[in-house]
Structures are given as C-alpha cells and as structure tokens.
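Visitor: Please take me through one part of this model in close detail, and then through the surroundings of the ligand.

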Amino acid sequence: MTLLVMPSIAFLGLGAIGAPMAKHLTPPGFTLSVWNRTASKAAAFAAANNVRHAKTPADAARGAEIVITCLPTSREVAALLDGADGLLATMAKGSLLIDCTSGDPATSRQTAARLAEKGIGFLDAPVSGGVSGAEAGKLTVMVGGDAALLERAQPALQAFGEKIVHCGPVGAGHAIKAINQAMLAVHIWSLGEGMLALSKAGVKPEVALDVINASSGRSNTSMNLFPQRVIGRAFPRTFKLALIDKDVRIGAQFLREQNVPSPMIQLAAELFAAAHAELGDDADHVEAVKVIERTGGAEIR
Ligand code: NDP
C-alpha cells in the first residue's frame with residue numbers, strides 16, 4: 001500500500017484570487033500556513049479554515065515543503081525573499097517556491113537563480129480562470145521551470161487547477177500569461193469601441209452580442225464579460241484594472257525583447273495605462289469600457 005503524504009504548504013497573498021486558491025489547500029488534504037501583508041485578512045482566513053496564521057513570510061515558510069506566492073507583481077515576490085522576516089531565512093534546501101503571480105519572466109529568472117544558490121526550486125505558475133475558476137478549483141495553471149519540480153508540485157496545483165500545462169523553462173508561464181492578458185485587453189477595447197458605435201447607430205447591445213457570439217468575432221469578453229458587466233451595468237471588482245495594466249505592459253515588454261513588431265499590443269498597453277490613470281487603482285478591468293464611453297460621448301445601451 002502506498003502511503004500518500006500530503007505536502008505542507010505556505011500560502012502568501014490572500015487577495016481576490018489568492019484566498020479562494022488557498023482554500024483548496026486546507027486540511028485534511030494539506031497542512032497549511034498563511035501569510036498576508038494585511039494581517040487581519042490572514043487571521044480571518046486562518047480562523048475560518050483551521051490553518052496557521054504566520055506573522056511573517058519567514059514564519060510561514062518554516063517547515064514548508066512548498067511555498068506559494070500570489071502577489072500583484074514579480075517585484076513584490078522578489079522583495080519577500082530578503083531580511084530576517086524573509087523567505088530565504090527559513091526555506092529549507094530541497095523546498096520549492098511556486099509563484100502564482102502573473103509576473104514577468106526576467107524577474108522570475110533572477111528569483112529562480114537566487115533560490116537555486118540555496119538549493120531551493122522555483123516554478124512560475126500563473127493562473128487563468130478568474131475568481132470563479134479559483135472558487136471552483138478549475139483554474140488553468142501555466143507552469144515554467146523544471147519538469148521534475150512540476151511533478152512534485154502536482155498535488156498542490158491540482159487542488160485549485162483543472163488544466164496544468166508545462167510551458168517550458170522558468171518564465172515561460174509568465175510569458176504565456178502576459179500574451180493571454182494582452183489579447184484580453186485588445187478584446188475588451190475593440191469590443192467596447194464596436195459596441196458603442198452600434199449602440200449610437202440604434203442597434204440594441206443584446207442584439208449585437210447575440211450575433212457576434214454566433215459569429216467569428218466572439219471571445220470570452222463578448223460571451224461572458226460584456227453580457228454580465230457592460231449590459232447589466234454591474235462591474236464587480238474581481239480583477240483590477242491596475243493588474244491588467246501591469247499584465248499588458250509585461251506582454252508589450254516581452255514582444256519588444258523578442259524583436260517582434262507589435263503596434264497593436266503596444267497600443268493596448270498605452271490605452272490600459274491611460275484608463276488605469278483615469279479610473280484609479282480600485283476599478284475593475286472591464287470598467288475600461290467607461291473611458292471609451294466617456295470619449296465617445298454615450299453609454300452602450
Ligand atoms: P489583489 O489586489 O486582490 O491582492 C493582492 C495581494 O497581494 C493581497 O494579498 C495583497 O495584500 C498582496 N500585496 C500587495 N502588495 C504587496 C506587497 N508590497 N507586499 C506583500 N504583499 C502585497 O490581487 P489578485 O488576488 O486579484 O491578484 C493576484 C495576482 O494574481 C496578480 O498577479 C494578478 O494579476 C493575478 N491574477 C488575478 C486574477 C483575478 O481574477 N483576480 C486572475 C488571474 C491572475 P493586502 O491584503 O495587504 O493588500
């Protein structure tokens with residue numbers, strides 16, 4: 001009989017998507033400690049889920065075989081490594097850092113190299129599927145790094161992921177995520193422009209989406225985001241505009257590094273940076289449509 005020992009995990013970053021991901025790593029399947037910058041969130045999560053509330057990143061990582069981070073950018077992840085309270089103070093040789101942040105490939109390669117000096121593994125493992133996908137445990141996880149490390153990571157990743165794809169070396173997961181996000185940004189902006197013009201011409205948005213969603217222009221944006229959020233004028237704050245701004249910048253930078261002429265994605269990065277500046281840090285990504293409506297002088301209705 002094989003005795004299955006579930007790994008002991010530390011989860012750092014209980015934000016909009018981190019918290020529902022971490023919820024799948026709670027006992028009895030896993031031993032979990034959680035840390036969050038705003039300690040009250042980690043305390044509430046720990047109390048509700050019978051897991052350990054760690055006071056510092058180092059405290060969270062003590063004894064953990066796997067540390068998972070889910071923070072805004074790779075910069076915040078790198079900043080968690082150092083100092084007496086940092087991850088490197090307690091992460092053991094042979095342990096593994098899985099970064100589920102939608103980060104940038106170059107910073108992750110530096111982080112992976114720093115960890116490797118201490119015999120610690122690194123995988124970039126950004127996710128897609130949104131908060132609802134995280135709640136359902138049905139995320140897509142795109143993984144960069146060593147295949148043997150991914151094998152060790154599987155039980156943890158399968159807890160919140162439905163489709164887990166090995167994309168290549170460290171940074172490959174982040175690169176694919178950034179391109180996916182750049183496409184999402186293009187879809188939101190182009191559909192917003194098209195729908196506003198149709199609306200001004202007297203076409204009902206429901207009718208326009210009905211046709212587009214049975215035609216070749218359809219996307220997740222037209223099939224789900226616009227019907228739920230733009231038509232219903234409800235903009236739940238599940239994924240911040242600030243975060244897609246960051247994602248498209250990473251995508252645009254990646255394209256420049258690869259010497260690929262990319263006027264469309266560079267423009268998408270500019271448009272989302274401007275929308276973020278106008279609507280602020282708390283806006284949801286789909287609210288970018290409000291900038292199109294303001295400049296177009298009408299609402300999609
Ligand atoms: P949130 O803004 O909801 O949460 C961010 C988390 O990072 C919080 O736990 C926050 O702590 C923490 N944090 C912020 N700044 C720092 C810092 N300087 N040091 C330490 N911790 C910090 O973001 P999401 O949960 O939505 O996103 C997290 C990552 O997942 C991002 O990279 C995002 O692009 C990606 N993602 C998000 C999706 C979504 O639908 N929301 C979908 C797919 C990917 P505090 O509570 O103190 O603010």
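Guide: Leaving aside neighbours within four places in sequence, Ser199 is in contact (heavy atoms within 4.5 Å) with Glu299, Ile300 and Arg301. Ser199 belongs to helix α8, residues 172–200, where helices are DSSP runs of H or I of at least four residues, numbered from the N terminus. Ser199 counts as buried because its relative accessible area is 12%, the class being under 20% with a 1.4 Å probe and protein chains only. This is a predicted model, in which local features need pLDDT of at least 70 and side-chain atom pairs count only at pLDDT 80 or more, while totals for chains, interfaces and linings use all residues. Residues are numbered from 1 along each chain as its sequence is written, and side-chain values use heavy atoms, with hydrogens and water left out.

Turning to the ligand, 26 residues surround it, of which Asn36, Thr38, Lys41, Thr238 and Lys240 come nearest, a residue being near if one of its heavy atoms lies within 4 Å. An N or O atom in the side chain of Asn36 is 2.6 Å from an oxygen atom of the ligand, an N or O atom in the side chain of Lys41 is likewise 2.6 Å from an oxygen atom of the ligand, and a nitrogen atom of the ligand lies 2.8 Å from a backbone N or O atom of Thr238. Taken alone, the ligand exposes 900 Å², and the protein buries 87% of that, by the Shrake-Rupley method with a 1.4 Å probe. Helices α6 (130–136) and α11 (241–257) each supply at least two residues of the shell.

Key:
Polar contact = N/O pair within 3.5 Å; in protein donor to acceptor, adjacent residues only side chain to side chain. Buried < 20%, exposed > 50% of the residue type's maximum accessible area, 1.4 Å probe, protein only.
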